[in-house]
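Visitor: I would like to go through the ligand site and the pocket, with the reason behind each label.
Guide: Then let us look at the structure.

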Amino acid sequence: MSRNWGGEFLLLAALLIGSLLLGLLFGHLAWFLVLALVIFLARWFWQLYRLDEWLDSRRRHPPEAWGIWGHVFDEYYRLRRRQYKSKKRLARVIREFRESTAAMPDGTLVLDEEFRILWCNESASRLVGLVSKRDLGQPVVNLIRSPRFVHYLDAGEFEQAIEIRSPVDDARTLVLRLVPYGNSQYLLIIRDITRLVRLQAMRRDFVANASHELRSPLTVLAGYLDMLASGNELGPEWDKPVAEMQAQCRRMTNLLNDLLELSRLETDETDASYDEIVDVEGLIHRICADAQAADERTHVLEIDVACGCSLRAVPGELHSAMSNLVTNALRYSTDGTSVRVCWRAGDNGTAVFEVIDQGIGIERKHIPFITQRFYRVDSSHSRKTGGTGLGLAIVKHVLKRHGSELEIESEPGKGSTFRCVFPAERVVR
Ligand code: ADP
């Protein structure tokens, strides 16, 4: 038992003993006992009253008391102080968080579970046109009305960021990313990437213009080289150099064509049109016939196109992607091996285009990079066989525009499989 309770029991005992003695002295023992208990209870009520009054008041220091009541007052005072301190600390953390996010160049909005705005920093107000106080509590889609953003919220897949035009300035491009946190709350982070987009556009335009300008002189050179190759004016010692110059001219022409195609695909980031229905079987037969005709080696090309489906796609782009994959399979396979080209039905209404070779294969560490521009596992082999280093970059962009992705499986020395799965909404049976 603590010292404080000891004091309380001592007081009760003193009152009881006092009343017992008085009762024995003057008679009416029961009344004296009742009086002792009333005094004791009155003290407790008085202390309770003081506690209640102190809790209601704004006074800092507790009332003076001894025994158990002194202990209660002190403990309560300590708890109050601790709570006050942690409240102050929390307020400071919140203030610092707000100050730091307010100073951030990126816009930040705090949203509740129904995507209503709870708070935003100044950059957010500037980037998407919020007028702080008036817009608080409003659904964020009332302010950012882009259909892309509305769809992003509805879909609920927030791992990826999305790009939209700024609601206040059409010339600005914003990247929006929703980060869930705490109890169904969200942070919407908005970044202005206008400068980056402009730089990318400048780079694309430069490559496209340079490629375009280089094409005309190259056509002239190729024409004269063809003339020299067909005439006998130079003598037999020039046959080999002229043939080599023709080959380099062809290589440069292919490179310029690929650069132009890639820059066109990169410029147009919208989805490919659904208007045209491409007969994929016929297209594959044509691509394989062309590839076989151009193949200087002796590969066996197996065609398996029992899908019975066509595709809503842009024919030129599809041709370019598929022929790049078939040409690569032949380019990176040794003589006599077979290359299988399949067009088959996939799961859930999808359709799959697959090119399977038994060629040199690709080491696992290279696979994530081979769709980058000019990334080659073996540059000399690629160049020798007429590669430009842009084929798979073109394939990647075409597939992206058609809602598909390139899947690559490969084992060095055994061969590779390049697979494109086209979504059901593009498949026509
Ligand atoms: P390239 O014109 O050099 O073939 P691509 O973009 O088409 O350029 O391919 C990039 C690189 O990926 C190639 O240089 C080659 O190393 C590798 N690659 C592509 N297809 C295959 C394949 N079927 N087998 C093995 N390696 C391949």
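**Ligand contacts and the largest pocket**

Guide: In this predicted model, a backbone N or O atom of G391 lies 3.3 Å from an oxygen atom of the ligand. The protein covers 98% of the 530 Å² of accessible area that the ligand has on its own.

Visitor: Why is the pair between G391 and the ligand called a polar contact?
Guide: The cut-off for a pair of N or O atoms is 3.5 Å. The G391 pair is at 3.3 Å, so it counts as a polar contact.

Visitor: What makes Y332 and D357 polar contacts of the ligand?
Guide: A polar side-chain atom of Y332 is 2.7 Å from a ligand oxygen atom, and one of D357 is 2.9 Å from a ligand nitrogen atom. Both values are within 3.5 Å, so both pairs qualify.

Visitor: Which elements supply at least two residues of the shell around the ligand?
Guide: They are α10 (315–331), α12 (391–401) and β12 (415–422). The largest share, 3 residues, comes from α10. In total, 20 residues surround the ligand, N328 and S382 being among the closest.

Visitor: What makes R148 a lining residue of the largest pocket?
Guide: A lining residue has an atom within 4 Å of a pocket point. R148 is one of the 43 residues lining the largest pocket, so R148 has such an atom. R148 is also among the residues that lie nearest the pocket centre.

Visitor: How many residues of each class line the largest pocket?
Guide: The lining has 15 nonpolar, 10 polar and 18 charged residues. α7 gives the most, with 6 residues.

Conventions: Residues numbered from 1 in each chain as written. Predicted model: local features only at pLDDT ≥ 70, side-chain atom pairs only at ≥ 80, totals over all residues. Heavy atoms only, no water. Near = heavy atom within 4 Å. Polar contact = N/O pair within 3.5 Å; in protein donor to acceptor, adjacent residues only side chain to side chain. Areas by Shrake-Rupley, 256 points an atom, 1.4 Å probe, with all protein chains shown as cover. Helix = DSSP H or I, 4+ residues; strand = E, 2+ residues; numbered from the N terminus. 1 Å grid on protein atoms, 1.4 Å probe; cavity = no way out; pocket = protein on both sides within 12 Å on 5 of 7 lines; lining within 4 Å. Nonpolar A, V, L, I, M, F, W, Y, C, P; charged D, E, K, R; others polar.
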